[in-house]
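Student: I have the coordinates open and would like to go through them with you. Could we start with the strand pairing and work outwards?

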Amino acid sequence: MRLKVLGAYGASDATHNLTGYLIDDRIAVDAGTLTSKLTFAQQGRIEAVFLTHAHADHTRDLPHLIHNRFNQNAPPLTIIASIEVMERLTSHVFNNEVWPDFEKLVSPLTGRAAVQYRALSPGKRVTINGVAITAIPVHHLVPAAGAIIEIGSQAIVFTGDTGPTQAIWKRTNKTDGIVAVITEASFPNDFQQVTDESGHLSPQTFAGELKKIDKDVPVYASHRKIPFEKKIESEIRNIRDRRARVLVEKQYTF
Ligand SMILES: [Zn+2]
Ligand SMILES: [Zn+2]
């Protein structure tokens with residue numbers, strides 16, 4: 001699997017991008033950064049976008065991706081999220097006030113809607129265009145579900161934003177072919193209170209999550225907050241577990 005990390009931060013400026021990943025150029029996970037880093041043609045080749053939760057740093061580029069697809073001769077884009085997350089997206093974003101509900105609009109280029117919504121029941125493995133996706137709830141301030149995404153014989157786990165959690169690790173340990181885990185470390189260790197109160201991980205609680213994972217695969221910390229970037233990176237590197245890694249904005253091949 002090829003994983004393009006378009007954004008690996010929990011904040012944005014000229015050199016740091018919000019959470020957005022692209023697998024094999026066709027399946028996106030989160031949409032903080034998509035349109036801002038992909039050409040119009042590359043956007044047309046995305047088949048599906050999985051949203052971990054409705055926070056703006058994970059959805060910023062989604063309205064613009066959908067709008068571009070409306071103006072492209074491309075198959076419908078499938079927007080995927082857990083049922084609870086989808087309810088928030090449709091009631092608070094695609095509500096014809098913040099942004100149109102493009103599922104109800106016919107594209108003049110294709111004669112059909114540019115998007116279709118697909119709400120997943122937690123824990124249920126579904127296959128979309130040959131890609132198996134399982135949404136599994138995690139612990140954040142708002143309803144949130146990570147995903148295990150399987151293509152062929154390989155799988156990557158994405159938690160999205162989470163504090164200490166359980167269900168997704170149990171499922172990870174039972175899934176064959178896991179090649180990488182992408183989770184988060186938003187604040188450094190001396191900001192543990194704000195980390196816990198905001199439903200995130202610090203390097204020390206990230207290390208606690210590592211102990212729950214049986215697989216011998218790299219486990220990446222994403223979603224660093226800009227002013228603490230270097231501190232978080234050095235604390236992740238000091239974890240006594242060779243699986244602990246810092247996620248950077250580049251393409252990984254597994
Ligand atoms: Zn976030
Ligand atoms: Zn969040």
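Student: Which residue in strand 3 does G20 stand opposite?

Tutor: In this predicted model, G20 stands opposite A31 in strand 3. Strand 2, residues 20-23, pairs with strand 3, residues 27-31, in the antiparallel sense over four bridges, and elsewhere along that pairing Y21 has V29 as its bridge partner.

Student: What happens in the hairpin of strand 2 and strand 3?

Tutor: There are three residues between the two strands of that hairpin, and D24 takes a positive phi near 50°.

Student: Is strand 2 covered on one face or on both?

Tutor: Both faces of strand 2 are covered, with G20 and L22 buried on one side and Y21 and I23 buried on the other. As background, side chains in a regular strand alternate between the two faces of the sheet.

Student: And how many residues of strand 3 are buried?

Tutor: Five of the five residues in strand 3 are buried, so to speak of it as mostly covered is fair.

Student: What else pairs with these two strands?

Tutor: Strand 1, residues 2-7, pairs with strand 2 in the antiparallel sense over four bridges, and L3 has I23 as its bridge partner there. Strand 3 also pairs with strand 4, residues 48-50, but in the parallel sense and over three bridges, with V29 standing opposite F50.

Student: Switching to the core: which residues touch the most other members of the largest nonpolar core?

Tutor: That core has 69 residues, and the ones touching the most other members are Y21, A28, V49, F50, A147, I149 and I156. Y21 and F50 have already come up in the pairing, as the partner of V29 in strand 3 and as the residue opposite V29 in strand 4.

Student: What does I149 touch?

Tutor: Leaving out residues up to four places away in sequence, I149 touches I23, I27, V131, I133, A155, I156 and F158. I133 also has a place in the strand pairing, since it is the bridge partner of V126 in strand 8.

Student: What is the strand order in the open sheet that includes strand 8?

Tutor: The sheet has seven strands in the order 7-8-9-10-11-12-13, with mixed pairing. Strand 7 (125-128) and strand 13 (244-246) stand at the edges with a single partner strand each, so one side of each is left without a neighbour in the sheet. On average, neighbouring strands of this sheet are turned by 25° against each other, direction ignored. At the strand 7 edge, four bridges join strand 7 to strand 8, residues 131-137, and the two run antiparallel.

Student: Now the helices. Which residues of helix 8 are buried?

Tutor: In helix 8, I232, E235 and I236 are buried. These residues cover an arc of only 100° around the axis, which puts them on the same side of helix 8.

Student: Why would residues a few places apart point the same way?

Tutor: An α-helix has 3.6 residues a turn, so residues three or four places apart point the same way. On the face of helix 8 turned away from the buried side are the exposed residues K230, S234 and R237.

Student: What covers the buried residues of helix 8, and those of helix 7?

Tutor: For helix 8, the cover includes helix 7, strand 12 and strand 13. For helix 7, residues 203-210, the buried residues are P203, T205, F206, A207 and E209, and their cover includes strand 11 (178-184), helix 6 (192-197), strand 12 (219-222) and helix 8 (229-237).

Student: Different spot: is P108 buried or exposed?

Tutor: P108 counts as exposed because it has 9 C-beta neighbours inside 10 Å, where 12 or fewer is the cut-off. P108 is found in the loop between helix 4 (83-92) and strand 6 (115-120), and its C-alpha atom is separated by 9.0 Å from that of N73, 35 residues apart along the chain.

Student: Last one, the whole chain: how many helices and strands, and how compact is it?

Tutor: The chain has eight helices and 14 strands. The radius of gyration is 17 Å, close to the 18 Å that the globule rule gives for 254 residues, so the chain is as compact as a globular protein of that length. Along its principal axes the C-alpha trace spans about 55 × 35 × 30 Å, and 45% of the residues count as buried. Among contacts with a separation of 6 or more, residues 24 or more positions apart account for 61%.

Methods:
Residues are numbered from 1 along each chain as its sequence is written. Chains are lettered from A and ligands numbered from 1 in the order in which they are written. This is a predicted model: local features need pLDDT of at least 70, side-chain atom pairs count only at pLDDT 80 or more; totals for chains, interfaces and linings use all residues. A residue is buried if 20 or more other C-beta atoms lie within 10 Å of its own, exposed if 12 or fewer, and partly exposed in between; C-beta atoms are placed from the backbone. Two residues are in contact if their C-beta atoms, placed from the backbone, lie within 7 Å. A nonpolar core is a set of buried Ala, Val, Leu, Ile, Met, Phe, Trp, Tyr and Cys residues joined through C-beta atoms within 7 Å. Two strands pair if DSSP finds at least two bridges between them. Axes are lines fitted to C-alpha atoms, for helices over the stretch in contact, and angles run from 0 to 180 degrees between N-to-C directions. The radius of gyration is taken over C-alpha atoms; the globule rule is 2.2 Å times the number of residues to the power 0.38. The arc is that of the directions from the helix axis to the C-beta atoms.
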